[in-house]
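Trainee: Hey, got a minute to walk me through this one? I'm new to it.
Mentor: Sure, let's pull it up.

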Amino acid sequence: MVKYSVLLPTYNEIDNLPIIVYLLIREFKKNSLDYEIIVIDDNSPDGTIEVAKQLQKVYGEDKILLRPRAGKLGLGTAYIHGLKSATGDFVIILDADMSHHPKFIEQFIDVQSKTGSDIVTGTRYRDGGGVFGWDFTRKLISCTANYLTQIMLWPGCSDVTGSFRLYKKEVLEELIATCISKGYVFQMEMIVRAKQLGFTVEEVPITFVDRVYGESKITSKEIIGFLVWTIKIVCHDIVKFY
């Protein structure tokens, strides 16, 4: 049976974690899928890891794997850390704050099965997709990041800043090995690298709903990091071309 590993980085998600885990497990059971959920907590001061331990007791140590870290070390390194423990054929990544509803996983799997694609990614920017609950600033940041990436790097994907994806495990391992970024930029770099390495990417329209509990982790430092990274990649490609 095909197995799916979910990488779930957390930081101060004490209220959201029980709900997202319940929704994930409900989705997997509904579709009779083999799964594991790997929680990578960055030493959350709100006690997220204690809630994770309780969930592990409820659902079993074979279904809920805890891989805590000493501190907040970046999204990219969280995936690297969690991937070391993944035993699935495919890896699913999504936000723990319930911005990404697990109900779309069935569509991801269906598209991958029919196309054989290496990556299936959720998109907010195609017909059927959308964003709810964001203020003007958040929408501007996301749209600008996607626009700049489209015109400068040609990623062949409508939503490069999204973080709801399904990967073939071996593809994710190869991509992570080539990436240099750690935070907000990480998701964009993964898609750009995928194109450079010739991996196939399919999209599924999703509805993104802003978090109900907790605060966004995106900072001005992350945004500046994106701009610097984009310039680096463009300059690298120009030098490589000539």
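**A first walk through the model**

Mentor: Let's start with Arg 26, which is partly exposed, with a relative accessible area of 44%. Keep in mind that this is a predicted model.

Trainee: Okay, and where is Arg 26 placed?
Mentor: You'll find Arg 26 in helix 1, which covers residues 17-30. In space, its C-alpha sits 9.2 Å from the C-alpha of Lys 103, though 77 residues separate Arg 26 and Lys 103 in sequence.

Trainee: Let's move to the sheet. What order do the strands have?
Mentor: The order is 3-2-1-4-7-5-8, in an open sheet of 7 strands with mixed pairing.

Trainee: Which strands stand at the edges?
Mentor: Strand 3 (64-66) and strand 8 (201-205). Each has a single partner strand, so one side of each is left without a neighbour in the sheet. On average, neighbouring strands here are turned by 25° against each other, direction ignored.

Trainee: In what sense do strand 1 and strand 4 pair?
Mentor: Parallel: strand 1 (residues 3-10) and strand 4 (residues 90-93) pair over 4 bridges. To see it in the model, look for Tyr 4, whose bridge partner in strand 4 is Phe 90. Val 6 has Ile 92 as its bridge partner in strand 4.

Trainee: And how many bridges join strand 4 to strand 7?
Mentor: There are 4 bridges, and strands 4 and 7 run antiparallel. Phe 90 turns up again here, with Lys 168 as its bridge partner in strand 7.

Trainee: Are the faces of strand 4 covered or open?
Mentor: Both faces are covered. Phe 90 and Ile 92 are on one side, Val 91 and Ile 93 are on the other, and all of them are buried.

Trainee: What about helices? Which strands does helix 6 lie across?
Mentor: Helix 6 lies across strand 1, strand 4, strand 5 (119-123) and strand 7 (165-168), and runs at about 95° to strand 7. Helix 7 lies across strand 4, strand 5, strand 7 and strand 8, at about 45° to strand 7.

Trainee: At what angle do the axes of helix 6 and helix 7 cross?
Mentor: At roughly 110°, and the axes of helix 6 (residues 169-178) and helix 7 (residues 186-196) come within 10 Å. That crossing makes helix 6 roughly perpendicular to helix 7.

Trainee: Which residues make the contact?
Mentor: From helix 6 it's Leu 172, Leu 175, Ile 176 and Thr 178. Helix 7 brings Phe 186, Glu 189, Met 190, Arg 193 and Ala 194. By type, the residues of this contact divide into 6 nonpolar, 1 polar and 2 charged.

Trainee: New topic: how many disulfides does the structure hold?
Mentor: It holds 0.

Trainee: Is Cys 157 buried or exposed?
Mentor: Cys 157 counts as buried, because its relative accessibility is 3%. Cys 179 is buried too, with a relative accessible area of 15%.

Trainee: Last thing, what's up with the phi of Ser 32?
Mentor: Phi of Ser 32 is near 55°, a positive value in a residue other than glycine. Most residues other than glycine have a negative phi. Ser 32 is in the loop between helix 1 and strand 2 (34-41), and it is exposed, with a relative accessible area of 56%.

Trainee: And what about Met 98?
Mentor: Met 98 has a positive phi of about 75°, although it isn't a glycine. Look for Met 98 in the loop between strand 4 and helix 4 (105-115). At 22% relative accessibility, Met 98 counts as partly exposed.

Terms used: Residues are numbered from 1 along each chain as its sequence is written. This is a predicted model: local features need pLDDT of at least 70, side-chain atom pairs count only at pLDDT 80 or more; totals for chains, interfaces and linings use all residues. Side-chain values use heavy atoms; hydrogens and water are left out. Helices (H or I, at least four residues) and strands (E, at least two) are DSSP runs, numbered from the N terminus. Buried means under 20% relative accessible area, exposed over 50%, partly exposed in between (1.4 Å probe, protein chains only). A disulfide is a pair of cysteine sulfur atoms within 2.5 Å. Axes are lines fitted to C-alpha atoms, for helices over the stretch in contact, and angles run from 0 to 180 degrees between N-to-C directions. Angles under 35 degrees count as roughly parallel, over 145 as roughly antiparallel, 65 to 115 as roughly perpendicular and the rest as oblique. Contact means heavy atoms within 4.5 Å. Ala, Val, Leu, Ile, Met, Phe, Trp, Tyr, Cys and Pro count as nonpolar, Asp, Glu, Lys and Arg as charged, and the others, Gly among them, as polar. Two strands pair if DSSP finds at least two bridges between them.
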